[in-house]
Amino acid sequence: MDSNVPSTPRGSLKLLEHLSGAGKAIGVLTSGGDAQGMNAAVRAVVRMGIYVGARVYFIYEGYQGMVDGGPNIVEADWESVSSILQVGGTIIGSARCKAFRTREGRLKAAHNLVHLGITNLCVIGGDGSLTGANIFRKEWSGLLEELAQSGKIDEEAVQKHAYLNVVGMVGSIDNDFCGTDMTIGTDSALHRIIEVVDAIMTTAQSHQRTFVLEVMGRHCGYLALVSALACGADWVFLPESPPEEGWEEHMCIKLSENRARKKRLNIIIVAEGAIDTQNRPITSEKIKELVVTQLGYDTRVTILGHVQRGGTPSAFDRILASRMGVEAVVALLEATPETPACVVSLSGNHAVRLPLVECVQMTQDVQKAMDEGRFKDAVRLRGRSFESNLNTYKRLAIKLPDGQIPKSNCNVAIINVGAPAAGMNAAVRSAVRTGIADGHRMLAIYDGFDGLAKGQIKEISWADVGGWTGQGGSILGTKRILPGKYLEKIAAQMRVHNINALLIIGGFEAYLGLLELSAARERHEEFCVPMVMVPATVSNNVPGSDFSIGADTALNTITDTCDRIKQSASGTKRRVFIIETMGGYCGYLANMGGLAAGADAAYIFEEPFDIRDLQSNVEHLTEKMKTTIQRGLVLRNESCSENYTTDFIYQLYSEEGKGVFDCRKNVLGHMQQGGAPSPFDRNFGTKISARAMQWITTKLKESQGKGRKFVTDDSICVLGISKRNLLFQPVTELKKETDFEHRIPKEQWWLKLRPLMKILAKYKTSYDVSDSGQLEHLHHPRSSHGEPAAI
């Protein structure tokens, strides 16, 4: 295909079939510090590259391998990236390279690439690695001229390989790169930190200890900040936001106040690059000495170090890296000589391309701002997700004395509805504390609408929700019962307790319940109060939101189990596992679990299938058994088909695979609902719930003194993430977007990612790439409605 075809206008369908990689060669390298998920990105680049007909080369040991050439640059095939999805680090190695910083080094690298016809580079690394790639791209034609003059290559080669395309993906556990909400590896590093914090909390509680935890982040406090948010730490030290003068005393007062409130432990989190306003380092040892000398508390320091870089990548990182890897190949196929080097990144829940130079420039601006003591600028430049995390942390960690909080004289109630989901408790804690900080009296409703009808309602205080972020399930208790049958009783209880606003945290039942309350407003004026729902269900089937609290934790459970099962299957050879996941009629868990675990197929309700599809899957697996990858993994959503049950599929595969492979089946069941919430769910639950509470406060303020009832549709909403925005959508408007019979939204964003799983499992399929392609600029005015949704 001609490389300078104009990009398709938005709106017209652009399919992957229109792009061809025939005759192109792509080099993939990982550089700088390693990060979990790099392998998933390498796998996606290799397989997508081969899928479109390009040759793909591994460049081993980062830029060092590019300079050294020879056995360091090797063509990859489909099987070279098998079984690496679940491996941390990078299988193609990474090294710091001094030679590439010199022109001679880059000359050697150019020679090695031209020799193999590689003119497309996919670089996975941090800002240093990406800057290097951009310099290389700019010098490319000059380097080739020089090689031609010294007779190392001929003029034809100069013409043929006239320009170099570069696409970057950011692999860095620090999340220190401007322009992307999440870098590959950050979520996994948070998993390591939170595992440690959860473990430390139990021992600290036994001995009433204070723990100082040092996490990575020399120049960026993201890991420290989010882990502090996710575990409810007492204090956090960040390079971007140093504590004010006299912090020593403030911190000690805060710690002793928390102890006085019967809190048996204190957790202080420190980024390794933490500084004070004078740019002097604040070390974990210094903090320990301070606590011991001022307060006499038994204090321990734990430095997490390289544990954070290790271990298996989380489901989020595998999916992120796979999406970015595929997007990077599409970007390389579409590149022209004029295309600037770009970075594929994540904005909200949307993959975008940004100019590499702008991102690097902004990342360096943050450092400059910090060096010059302009810390407010540094926080702002870090981006929307950093700033909102910081503000949320401050509000939830430090309670003002009661006398300083202006009372609103409003009672706000919180209820959990539906099945339990990990992260619900983090959401309740966040709402309770935000509400108290806003001057409301907070009420907890126990056991869902059933409890509300029976009057199981108690006031809940700031201290009551301490330590809730890491707890799985629902502490308030939750039921699937809908309010419809008990409207009279519920109205009476709302009157007795004088409930002025309601926050509902739950899944599809919560959504149905909200609709029922909305419909009953005409008959019961008690329901004419602001009501907002925060989606929390493992199924991720709530209309109005791309994500719901609990789905990430469930996805990690599925991914971990699939990893173990794949290992067992590899050991026995020629074995296919069929795994049944939850989700009702919603195929999110099966589809995304399949993408994260590297499944061969995932059967879901949203994409009807018949016996011919099952037959072709069996044939596909039979072919696969002839290769070196002698195992199969198939996921099936529990309600994907009435007749093609898990047993039926298992029996069909067993019969058809006789003599080629044998079969096993596994139903994951309710383990997907349990367990400690993942860092993503804790953080997402905390932030979205705090935002819902701010909405309630704004609504209540608007009506203050006017005594008016809330009757309009916009006072009863679902809060969710949609692509890049946080949106409050009236529940009545979402009705038309809902398939009530199957309890799913009519349109689901993740179905667009379905072809990715098929392509990466070697199936021919159609993939719509209309959304990608337009290079955006960093200071892009966000879309007019809603507010940016930083994850």
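This passage describes the overall form of a predicted protein model, then three of its buried strands and two of its buried residues.

The protein has 791 residues, and its secondary structure comes to 24 helices and 25 strands. Taken along the principal axes, the C-alpha atoms fill a box of roughly 90 × 70 × 50 Å. The radius of gyration is 27 Å, which agrees with the value near 28 Å that a compact globule of 791 residues would have. Of the 791 residues, 62% are buried. Among contacts with a separation of 6 or more, 80% are accounted for by residues 24 or more positions apart. The exposed area of the protein is about 29,900 Å², and carbon and sulfur atoms supply 51% of this area. The protein has 88 positive and 88 negative charges, and the mean positions of the two sets are 4 Å apart.

Strand E4 spans residues 120-125 and is mostly covered, with six of its six residues buried. In a regular strand the side chains alternate between the two faces of the sheet. On one side of E4 are Asn-120, Cys-122 and Ile-124, and on the other are Leu-121, Val-123 and Gly-125; both faces are covered. Strand E1, residues 25-30, runs parallel to E4 and is joined to E4 by five bridges. Within this pairing, Val-28 has Cys-122 of E4 as its bridge partner. Cys-122 is also one of the buried residues of E4 listed above. E4 is further joined to strand E5, residues 165-170, by six bridges, and these two strands likewise run parallel. In this second pairing, Asn-120 stands opposite Asn-165 of E5. E4 therefore has parallel bridges both to E1 and to E5, and strands pair if at least two bridges are found between them.

Strand E5 also contains Met-169. The relative accessible area of Met-169 is 0%, so this residue counts as buried, the cut-off being under 20%. Met-169 and Ala-41 lie 128 residues apart along the chain, while their C-alpha atoms are separated by 8.4 Å.

A second covered strand is E8, residues 266-271. Six of the six residues of E8 are buried, so the strand is largely enclosed by the rest of the structure. Asn-266, Ile-268 and Val-270 point one way from E8, whereas Ile-267, Ile-269 and Ala-271 point the other way. Residues pointing in either direction are buried. Strand E6, residues 210-215, is joined to E8 by six bridges, and the two run parallel. One of the paired positions links Val-215 to Ala-271 of E8. Strand E7, residues 235-237, pairs with E8 in the parallel sense over three bridges. Here the bridge partner of Val-236 is Ile-269 in E8. Both Ala-271 and Ile-269 belong to the set of E8 residues that includes Ile-267 and points the other way from Asn-266.

The third strand, E17, covers residues 575-581, and seven of its seven residues are buried. Arg-575, Phe-577, Ile-579 and Thr-581 are on one side of E17, and Val-576, Ile-578 and Glu-580 are on the other. Both faces are covered, and the buried residues include the charged residues Arg-575 and Glu-580. E17 pairs in the parallel sense with strand E19, residues 631-637, over seven bridges. In that pairing, Ile-578 has Val-634 of E19 as its bridge partner. E17 also pairs in the parallel sense with strand E20, residues 662-667, over six bridges. In E20, Arg-664 stands opposite Phe-577.

Outside the strands, Pro-313 is found in the loop between strand E9 (299-303) and helix H10 (315-334). Pro-313 has a relative accessible area of 3% and is therefore buried. Pro-313 and Ser-188 are 125 residues apart in sequence, and their C-alpha atoms are 5.3 Å apart in space. Ser-188 is also among the residues that Pro-313 touches, when residues up to four places away in sequence are not counted. The other residues touched by Pro-313 are Gln-36, Gly-37, Leu-85, Gln-86, Val-87, Gly-88 and Arg-318.

Technical notes
Residues are numbered from 1 along each chain as its sequence is written. Side-chain values use heavy atoms; hydrogens and water are left out. Buried means under 20% relative accessible area, exposed over 50%, partly exposed in between (1.4 Å probe, protein chains only). Helices (H or I, at least four residues) and strands (E, at least two) are DSSP runs, numbered from the N terminus. The radius of gyration is taken over C-alpha atoms; the globule rule is 2.2 Å times the number of residues to the power 0.38. Contact means heavy atoms within 4.5 Å. Accessible areas come from the Shrake-Rupley method with a 1.4 Å probe; for residues, only the protein chains shown count as cover. The place of a charge is taken as NZ of Lys, CZ of Arg, CG of Asp or CD of Glu.
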